[in-house]
Structures are given as structure tokens and as C-alpha cells.
Amino acid sequence: VQLQACGGGLVQPGGSLRLSCAASGNIFSINNMAWYRQAPGKQRELVASITAGGTTNYADSVKGRFTISRDDAENKSYLQMNSLKPEDTAVYFCNAEIATIYFDSNDYWGQGTLVTVSS
């Protein structure tokens with residue numbers, strides 16, 4: 001199983017970006033999906049998560065600006081980021097709890113995609 005994240009880049013303050021995460025491999029089902037971020041010199045933090053049932057959770061710092069969604073048919077998650085601020089600058093990682101066709105379940109991480117918010 002692999003997670004592939006993409007969509008990062010350089011954006012001006014107030015701008016928007018949409019991150020995508022695609023899961024591939026011997027997937028039976030995906031439970032929770034999430035996005036984390038790690039800024040330079042800081043610990044990795046949870047940005048947003050979404051359950052298999054669609055319940056979402058957001059860090060206080062991104063509420064009202066970021067939206068997490070998922071497409072179970074495509075095994076993908078998305079993070080729509082609006083009204084970006086310089087403090088949103090970080091490497092963003094996608095995460096998913098995946099059950100494989102071999103009846104095991106593990107946490108998987110994407111490789112990270114850099115988001116830089118700067119004028």
C-alpha cells in the first residue's frame with residue numbers, strides 16, 4: 001500500500017491550494033483519512049481528519065478555512081485550503097488507516113508536499 005500526496009506549492013497570503021492524496025495497492029477498505037503538517041522546527045500536528053462515515057475534525061487554527069473530503073471510489077482524500085496565511089507554511093502529509101486484502105490494518109503516510117505561503 002502506498003499514499004501519494006501532491007498539490008503543494010508557493011501561494012500568496014489569502015490564496016488557495018488543493019492537496020490530493022491517492023492510496024494504491026491491495027486495499028480492502030480505508031477507515032480514517034487525515035492531513036498533518038510539520039513546519040520548520042516544530043512538531044508534526046494534525047490539520048484535519050475525516051472518518052469513513054464522513055465526520056470531520058479540524059485544528060482550531062484552520063477551522064473555517066480548510067476543508068477535508070474523501071472519494072472512496074478513487075481511494076483519495078483532499079484538503080482544500082483557502083485564505084492561506086504565512087503560518088500555514090509547512091510540509092503537509094497525508095495519512096490513512098487502511099485495511100488490506102490480507103486482513104491486516106495499518107497506518108500509512110504519504111511522502112509530504114511542501115506548502116509555502118509568502119508574498
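**Close-up views of a predicted model**

**View 1. An open sheet of 4 strands follows the order β1-β3-β8-β7, with antiparallel pairing.** This is a predicted model, so please read each view with that in mind. β1 and β7 stand at the edges of the sheet; each has a single partner strand, so one side of each is left without a neighbour there. Direction ignored, neighbouring strands of this sheet are turned by 15° against each other on average. Now follow β1 and β3: these strands run antiparallel and are joined by 5 bridges. Within this pair, Q4 stands opposite A22 in β3.

**View 2. A disulfide joins C21 to C94.** How many disulfides does the structure hold? It holds 1, and the S to S distance in this link is 2.2 Å. The link of C21 and C94 is right-handed, with 60° about the S-S bond. It ties together distant parts of the chain: C21 sits in strand β3 and C94 in strand β9, 73 residues apart. Both of these cysteines, C21 and C94, are buried. C6, on the other hand, is in no disulfide; the nearest cysteine sulfur belongs to C21 and is 8.5 Å away. Is C6 buried, partly exposed or exposed? Its relative accessibility is 42%, so C6 counts as partly exposed.

**View 3. S77 is a buried residue in strand β8.** Its relative accessible area is 1%. Because buried means under 20% relative accessible area, S77 falls in that class. Which residue shares a side-chain polar contact with S77? The partner is W35, and the contact is 3.4 Å. Leaving aside neighbours within four places in sequence, S77 is also in contact with other residues, including L19, C21, M33 and S69. You met C21 in the previous view, as one end of the disulfide.

**View 4. The largest nonpolar core has 30 residues.** Which members touch the most other members of this core? They are W35, L79, M81 and Y92. Several elements give two or more residues to the core, among them β1 (2-6), β3 (17-24), β8 (76-81) and β9 (90-100). β9 gives the most, with 5 residues.

**View 5. Y92 touches many parts of the chain, among them L19, W35, V47 and V115.** Residues up to four places away in sequence are not counted here. Look for L79 and M81 as well: Y92 touches both, and they join Y92 and W35 among the members with the most contacts to other core residues. Y92 also touches F66, G112 and T113.

Methods:
Residues numbered from 1 in each chain as written. Predicted model: local features only at pLDDT ≥ 70, side-chain atom pairs only at ≥ 80, totals over all residues. Heavy atoms only, no water. Core = buried A, V, L, I, M, F, W, Y, C linked by side-chain atoms within 4.5 Å. Buried < 20%, exposed > 50% of the residue type's maximum accessible area, 1.4 Å probe, protein only. Contact = heavy atoms within 4.5 Å. Disulfide = S-S within 2.5 Å. Polar contact = N/O pair within 3.5 Å; in protein donor to acceptor, adjacent residues only side chain to side chain. Pairing = 2+ DSSP bridges. Axes fitted to C-alpha atoms, helices over the stretch in contact; angles between N-to-C directions.
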